[in-house]
Amino acid sequence: MNESIEKMESEQTKKDGFKGEWMHVLPTESFQEYVNHPQVKRLYLTDAGFFPHAARHFRERKEGIEEHIYIYCMEGEGTIELMNGQSYVLHKNEAFCIPAFCGHRYYANRENPWSILWVHFKGEDTEYYPLRELHVVHLESRGVINRMMSYFELLLQVLGEDYTLGNFIYIAQILSLILAETYCRERSQSAGEQNRHVTSVIRYLYQHLYENLTLDQIAQEFDFSKSYLNLIFQRYTQRAPMDFFIHLKMQEACKLLRSTNLYIYEVGQCLGYQDQYYFSRLFRKVIGVSPKEYKKGGYTGSASMMKK
């Protein structure tokens with residue numbers, strides 16, 4: 001347990017609270033200008049706290065509240081019951097989010113009461129997290145757990161400082177890290193392995209941009225079947241492997257056209273296209289304009305805006 005959390009546990013018992021309890025309410029209504037800032041309104045915190053060894057802890061809100069409630073169990077156990085009849089037991093190193101306006105009650109296990117870190121939050125970006133899927137997330141590795149503790153340590157530290165726009169922005173960024181760590185990092189072993197395979201192949205493609213590779217060559221290099229390569233690329237990039245490779249080549253062509261004095265046919269030859277007209281047709285298909293138009297500066301977009 002980190003130093004800041006240990007310090008909280010050493011504080012005096014509060015009336016009707018728990019030894020070491022820490023809570024903070026961010027006065028967002030009084031700082032609406034800060035909340036409306038583009039870097040804050042996407043995801044902002046309203047309340048946060050730490051309840052250690054919270055014996056007899058109980059909360060009930062039959063109509064829910066307007067914020068999402070994120071609970072991270074550091075140790076012990078507790079139960080979360082939703083008014084729709086679903087019930088979830090939270091154990092050590094597990095997290096759960098109660099969606100906004102979802103009626104609920106939650107309470108600590110009597111024999112093994114939980115210690116929890118929690119936040120209430122709102123914002124435009126909440127829809128991009130699976131908050132309404134209603135599942136317990138187990139954080140397994142020591143690295144993930146250490147990062148989570150570091151995020152909460154930073155969060156609690158900044159909440160104790162002045163109400164400035166900079167601190168509101170900083171808090172919003174920390175909150176996004178907590179949610180991303182919980183919901184966005186790949187935890188499925190098989191899915192994680194597939195993602196690593198895609199990453200390895202993409203790095204290999206980058207190293208061979210100036211060559212003509214075939215799907216057979218790529219599959220042989222990694223000892224994958226062609227069907228497996230197609231499957232994982234479609235899953236993680238929404239493109240077939242060779243289509244992805246072509247797009248990488250066209251990105252490189254854009255760089256060469258912008259930053260060198262090479263003729264168009266020379267750029268094509270560098271990337272393995274001996275037929276200038278074929279290269280030009282491919283470039284137009286992917287980028288949306290001809291290499292000549294792109295080189296003259298008539299194209300105001302960028303390689304990142306390539307046609308699907």
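The following exercises, with worked solutions, concern a predicted model.

**Exercise 1.** Determine how the span of helix 3 (residues 142-159) stands against the expected value.

*Solution.* Helix 3 contains 18 residues. The expected span is 1.5 Å times one less than the number of residues. For helix 3 this expectation is 26 Å, and the distance from its first C-alpha to its last is 26 Å, close to the expected value. The buried residues of this helix include Val 144, Ile 145, Met 148, Met 149, Phe 152, Leu 155 and Leu 156. In an α-helix, residues three or four places apart point the same way, because there are 3.6 residues a turn.

**Exercise 2.** Classify the aromatic pair formed by Phe 283 and Tyr 294 and place it in the chain.

*Solution.* The whole structure holds 19 aromatic pairs. For Phe 283 and Tyr 294, the centres lie 5.7 Å apart and the planes meet at 75°. Planes over 60 degrees apart count as edge-to-face, and the pair is accordingly edge-to-face. Phe 283 belongs to helix 10 (residues 276-287) and Tyr 294 to helix 11 (residues 291-296), with their positions 11 residues apart in the numbering. Both residues are buried. Together with Tyr 273, Tyr 278 and Phe 279, they form one aromatic cluster.

**Exercise 3.** Identify the strands that pair with strand 8 (residues 104-108) and describe its two faces.

*Solution.* Strand 3 (residues 58-61) pairs with strand 8 in the antiparallel sense over four bridges; here Arg 61 stands opposite His 104. Strand 5 (residues 78-82) also runs antiparallel to strand 8, joined by five bridges, and Ile 80 has Tyr 106 as its bridge partner. His 104 and Tyr 106 lie on the covered face with Ala 108, whereas Arg 105 and Tyr 107 form the uncovered face.

Terms used:
Residues are numbered from 1 along each chain as its sequence is written. This is a predicted model: local features need pLDDT of at least 70, side-chain atom pairs count only at pLDDT 80 or more; totals for chains, interfaces and linings use all residues. Side-chain values use heavy atoms; hydrogens and water are left out. Buried means under 20% relative accessible area, exposed over 50%, partly exposed in between (1.4 Å probe, protein chains only). Rings of Phe, Tyr and Trp (its six-membered ring) pair if their centres lie within 6.5 Å; planes under 30 degrees apart count as stacked, over 60 as edge-to-face and the rest as tilted. Two strands pair if DSSP finds at least two bridges between them.
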